[in-house]
Amino acid sequence: MEKKIGRNDPCWCGSGKKYKSCHMATDQKIYKHALEGHIVPRRDMLKTPEQVAKIKESAKINVACLDAVEKMIGPGVTTKEIDDLVYKVTTEMGGIPAPLNYEGFPYSVCTSVNDQVCHGFPSEDVVLQEGDIINVDCSTILDGYYSDSSRMFCIGKVSEEAQRIVDVTRECVELGLKEVKPWGFLGDMGQAVHEHAEKNGYSVVREIGGHGVGIDFHEDPWVSYLTNRGEDMLLVPGLMFTIEPMLNGGKPDVFVDKDNDWEVYTADGKLSAQWEIQVLVTEDGAEVISW
Ligand code: MF3
Ligand code: CO
């Protein structure tokens, strides 16, 4: 429990305003939800406007990387070339690729092709072929602030089946985003995602979720897409997290490559797709910070 602050004391957020004309009403609203038994965010999970401004600078690099990848990707391109490009764009803009050396991850970006679910290693041996689908997951550190988003790319002409999983996964993210608003719940988003996935015959990966992000690469809350409306954490202005569901064409089961302990594949070898956006809960809705 945070220390009690008087109405006329300076607000805990450092705005210099009195508590009563700054965060007092919000804190009371959060407290009421906590008493009702809801999971509520800790104060340190709510980003200040200054932090948001810094995170947005980081996100400019992240978006520039994905835009650059979009321009060069195609049949014959290796995923190593994508890795090199992300490193180049990020460092030239003054950032650091967040994946590089993160818990031993040896590359600047994750490139996950077809039945790879996530955390794919870029390689000069992976030459993209017409018909492949690939997720490029990019994360940036700038002045200590983090951004994180990923996109799917279709290589040349892909099968109807491949196109459909890419499109439906994107729709899941868009439908989830519509549910992000202050005083709603993370489960409102989760339900929108898994309902749309299931309606289309896809399964949602259970083990790997989204996360809070901004001050660190992976912060609380952990974001599931199997939750339901009214469940999970209360959404409060300043909360920032990713929506990044992974949809499988077959069963939800996945396995991790034992050789490197990173690369994740579908257990049944069917296709998997993922899109990721970084979202901020605002006073009147949501703002997409990175996409
Ligand atoms: N960008 C991934 C995410 O969405 C991070 C994977 S960890 C890494 O959370 F080391 F592989 F980058
Ligand atoms: Co992420």
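Where is the place of His119? You'll find His119 in the loop between β3 (116-118) and β4 (133-142). Keep in mind as you look around that this is a predicted model.

Let's stay with His119 for a moment. His119 has a positive phi of about 60°, although it is not a glycine. That is worth a pause, since most residues other than glycine have a negative phi. As for its surroundings, His119 counts as partly exposed because its relative accessibility is 26%, and the partly exposed class sits between under 20% for buried and over 50% for exposed.

Glu103 plays a similar trick with its backbone. Its phi is positive too, about 45°, and Glu103 is not a glycine. Look for Glu103 in the loop between β1 (96-97) and β2 (110-113). Is Glu103 buried or exposed? With a relative accessibility of 64%, Glu103 counts as exposed, because the cut-off for that class is over 50%.

There's another backbone feature to spot, this time in a strand. The peptide bond that runs from Asp220 to Pro221 is cis, with omega near 0°. In general, most peptide bonds are trans. Pro221 belongs to strand β8, which covers residues 219-223. Trp222 lies in strand β8 as well, and Trp222 is partly exposed because its relative accessible area is 46%.

Now swing over to a sheet. Three strands make it up, in the order β3-β12-β11; the sheet is open and the pairing is antiparallel. Why is one side of β3 and of β11 left without a neighbour in the sheet? Because β3 and β11 (254-256) stand at the edges, and each has a single partner strand. Neighbouring strands here are turned against each other by 40° on average, ignoring direction. What holds strands side by side in general? Strands of a sheet pair through backbone hydrogen bonds, either parallel or antiparallel. In this case, β11 and strand β12 (residues 264-266) pair in the antiparallel sense over three bridges. You can check this pairing by eye: Phe255 stands opposite Tyr265 in β12.

Next comes ligand 1. Which residues come nearest to ligand 1? Out of the 14 residues around ligand 1, the nearest are Asp137, His211, His218, Glu244 and Glu276. Sorted by class, this shell has six nonpolar, four polar and four charged residues. Zoom in on some atom pairs. Asp137 has a polar side-chain atom 2.8 Å from a nitrogen atom of ligand 1. In the side chain of Ser139, an N or O atom is 3.1 Å from a nitrogen atom of ligand 1. Glu276 has a side-chain N or O atom that is 3.1 Å from an oxygen atom of the ligand. How much of ligand 1 does the protein bury? Ligand 1 exposes 330 Å² when taken alone, and the protein buries 96% of that.

Finally, let's set distance along the sequence beside distance in space. Asp67 is in helix α2 (residues 49-72), and Asp67 counts as partly exposed because its relative accessibility is 33%. Asp67 and Trp291 are 224 residues apart in sequence, and their C-alpha atoms are 10.0 Å apart in space. For another pair, go back to Trp222 in strand β8. Trp222 and Ile5 are 217 residues apart in sequence and 29 Å apart in space, C-alpha to C-alpha. Try finding both pairs in the structure above.

Notes. Residues are numbered from 1 along each chain as its sequence is written. Chains are lettered from A and ligands numbered from 1 in the order in which they are written. This is a predicted model: local features need pLDDT of at least 70, side-chain atom pairs count only at pLDDT 80 or more; totals for chains, interfaces and linings use all residues. Side-chain values use heavy atoms; hydrogens and water are left out. A residue is near a molecule or strand if one of its heavy atoms lies within 4 Å of it. A polar contact is a pair of N or O atoms within 3.5 Å; within protein, one must be able to donate a hydrogen and the other to accept it, and residues adjacent in sequence count only if both atoms are side-chain atoms. Accessible areas come from the Shrake-Rupley method with a 1.4 Å probe; for residues, only the protein chains shown count as cover. Ala, Val, Leu, Ile, Met, Phe, Trp, Tyr, Cys and Pro count as nonpolar, Asp, Glu, Lys and Arg as charged, and the others, Gly among them, as polar. Helices (H or I, at least four residues) and strands (E, at least two) are DSSP runs, numbered from the N terminus. Buried means under 20% relative accessible area, exposed over 50%, partly exposed in between (1.4 Å probe, protein chains only). Two strands pair if DSSP finds at least two bridges between them. Axes are lines fitted to C-alpha atoms, for helices over the stretch in contact, and angles run from 0 to 180 degrees between N-to-C directions.
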